[in-house]
Amino acid sequence: MLRVCQRAADVKLLTLETTCDETAAAVVTDRLEVLGSVVASQDDLHKRFGGVVPEIASRAHLERILPVIDQALRQAGVSLAELDAVAVANTPGLAGSLLVGLVAAKALCVALDVPLVAVNHLQAHIYACRLASDEDVFPCVGLIVSGGHTSLYRCGGPLQFDLLGATTDDAAGEAFDKVASMLSLPYPGGPSIQRAAEHGDPTAYRLPRALLRDEDRLDFSFSGLKTAVRYQLVGPGRQDFAKVQLADSQVADLAASFQEAVVDCLVGKAFAALRQTGLSILCVGGGVAANTRLRQRLKEEADRRDIRLHVAPLRLCTDNAVMGAIAVERLRAGLVEDLDLDVFPGVVRKTG
Amino acid sequence: MSCFTYDAADESATATLGALLAELLPNGGTVALCGTLGAGKTRLVQAIAEAAGVDRRDVVSPSFVLIQEYQGRRPVYHLDAYRLRDEDEFLELGPDEYFDGDGITLVEWADRVENCLPKQRLEIQIEVTGPQSRRFRVTAVGARYAAVVEACQKRL
């Protein structure tokens, strides 16, 4: 049960996010105000704890989770005792990483005697659009495009998600990373491909747009595109990209052609989903939503087709805990969890 | 050391190899997959998993999440060392639980974590020979896999 607050609009939630590499915590209110937000890959934490923050391992989450929570509460000027609920993303993601966030959230709930709220990480990515907008964005088509996910959902409401289609192999962000690696561009691949593409010709190379012509199917496939770039670079047999000598203009043209192919697929399928569902609002979230060319093409297409477009602001594209404010919706709906809540690493096809 | 080379003209020939492996691999079997970006490691895993009764839609590249578990007629574990910086990071994922499990474990970018792999395993090197065609070099490491390689070669 929620504690009785002095004002109804004064409910404060701590939200935790540890689905993949980022350890993040935020303090939000039920009016969707953000009081504090910390992501452990930020510079202030690097400074505070010295050195580079390690990635991937759940042990790294374990080391970072308490300082991150502490910092978020300090930023917010909120004490633990003032929290009304704790929310945590428990699906989808890497099992070991998810567990760290979940166990931390449970411990806080027991200690503070407040409710535990479960957050679906993918729903949270779309909710980032709601947070950035002053108005309701549902029902909408939700496109989540990141290093780990490339999926289209019909979102009846903030908690009602139906999977319409997803990548059949690589996520779009993963394709960016891997093609960047082939072109000897630095990690992360998204920003470095975008930069290289600025001076390139997107029509220089003919690269495949898998499944794009199949209007009925809302899935993506980027593996063949990756292979096609590979083939442009080295042809058959050879395995070593490091020995390939490319002129800057070739790198620029390949980067631009690749980026255009990915964007064509993302935009094409998103608008096919709008046509199929008859919905007129498109929400886009996830790390790849930070790509300038994608944002530009989405906007052009939305303007042309009279679609209301919400793309998550840059700060909410990559993983963060602020988007965990979707927990407010669950709390309002009375959806709180027992303390035996588990993690669900895989993608849930239907919710709500 | 028993090994053979299989030239697949297209994806359906890759699927044939995958189906055969799904049938022949013992419980607790481990396959180490090596090959460049875009060689088709995930594609072969999809073929093996699908033949083991896993919904093909569930089998996607695990580069980001590092490990995916699929429930088919027997469990299929799909690991990916692409994003890992060293063998310690791989060991932190607890791979032994999968190697010692009763499913099939498929490791992409296995050459990056060679020292962490089971002593006995099947190694598959994938080489791109054309836009659609691939060459698979299948090698038994350890006596346990010699029979797998032999049976596989006979039936291809």
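These are my notebook entries on the contact between chain B and chain A, the two domains of chain A, and the salt bridges.

**Entry 1: how far to trust it**

I am working from a predicted model, so I checked the scores before anything else. The ipTM is 0.85 and the pTM is 0.90. For chain B I noted a mean pLDDT of 93, with 99% of its residues at 70 or more. My reminder to self is that coordinates should not be read in detail where pLDDT is low.

**Entry 2: chain B against chain A**

How many residues does each chain bring to the contact? I get 29 from chain B and 29 from chain A. I then looked up the area, since the size of an interface is often given as the accessible area lost when the parts come together. Chain B and chain A bury about 2500 Å² between them, and 55% of that is on carbon and sulfur atoms. On the chain B side, I wrote down Leu37(B), Phe64(B) and Glu92(B) as the residues that lose the most area to chain A. Together they make up 26% of what that side buries.

**Entry 3: polar links across the chains**

I looked for charged pairs next, as side chains of opposite charge can pair when their charged atoms come close. Between chain B and chain A the rule turns up one salt bridge. Which residues form a salt bridge at 2.7 Å, N to O? I found the side chains of Asp21(A) and Arg83(B). The polar contacts across this interface come to seven residue pairs, both partners at pLDDT 80 or more.

I also asked which elements of chain B give two or more residues to the side that touches chain A. They are helix H3 (87–92) and strand E6 (121–128) of chain B. E6(B) supplies the largest share, three residues. Sorting that side of chain B by class, I have 12 nonpolar, eight polar and nine charged residues.

**Entry 4: the two domains of chain A**

I moved on to chain A, which is divided into domain 1 (12–126 + 317–332) and domain 2 (136–314). Taken over C-alpha atoms, the centres of these two domains of chain A are 28 Å apart. For the contact I noted 11 residues of domain 1 of chain A and 22 residues of domain 2 of chain A. The two bury about 1300 Å² between them, 72% of it on carbon and sulfur atoms. Which residues of domain 1 of chain A lose the most area to domain 2 of chain A? My list reads Leu122(A), Ile126(A) and Cys317(A), together 54% of what that side buries.

I found zero salt bridges across this domain interface. There are four residue pairs in polar contact between the two domains of chain A, both residues at pLDDT 80 or more. On the domain 1 side, helix H4 (121–132) and helix H10 (327–332) of chain A are the elements that give two or more residues. H4(A) has the largest share with five. By class, this side of domain 1 of chain A divides into five nonpolar, four polar and two charged residues.

**Entry 5: salt bridges overall**

Last, I searched the whole structure and got 27 salt bridges over all chains. I looked up the one where the side chains of Glu260(A) and Arg293(A) meet, at 2.8 Å, N to O. That pair links distant parts of the chain, 33 residues apart. Glu260(A) sits in helix H8 (residues 248–277) of chain A, and Arg293(A) in helix H9 (residues 292–305) of chain A.

Terms used: Residues are numbered from 1 along each chain as its sequence is written. Chains are lettered from A and ligands numbered from 1 in the order in which they are written. Side-chain values use heavy atoms; hydrogens and water are left out. pLDDT is the predictor's confidence in each residue, from 0 to 100. Contact means heavy atoms within 4.5 Å. Buried area is the accessible area (1.4 Å probe) that two parts lose on being put together, summed over both. A salt bridge is a side-chain nitrogen of Lys or Arg within 4 Å of a carboxyl oxygen of Asp or Glu. A polar contact is a pair of N or O atoms within 3.5 Å; within protein, one must be able to donate a hydrogen and the other to accept it, and residues adjacent in sequence count only if both atoms are side-chain atoms. Helices (H or I, at least four residues) and strands (E, at least two) are DSSP runs, numbered from the N terminus. Ala, Val, Leu, Ile, Met, Phe, Trp, Tyr, Cys and Pro count as nonpolar, Asp, Glu, Lys and Arg as charged, and the others, Gly among them, as polar. Domain bounds come from an automatic or database domain assignment.
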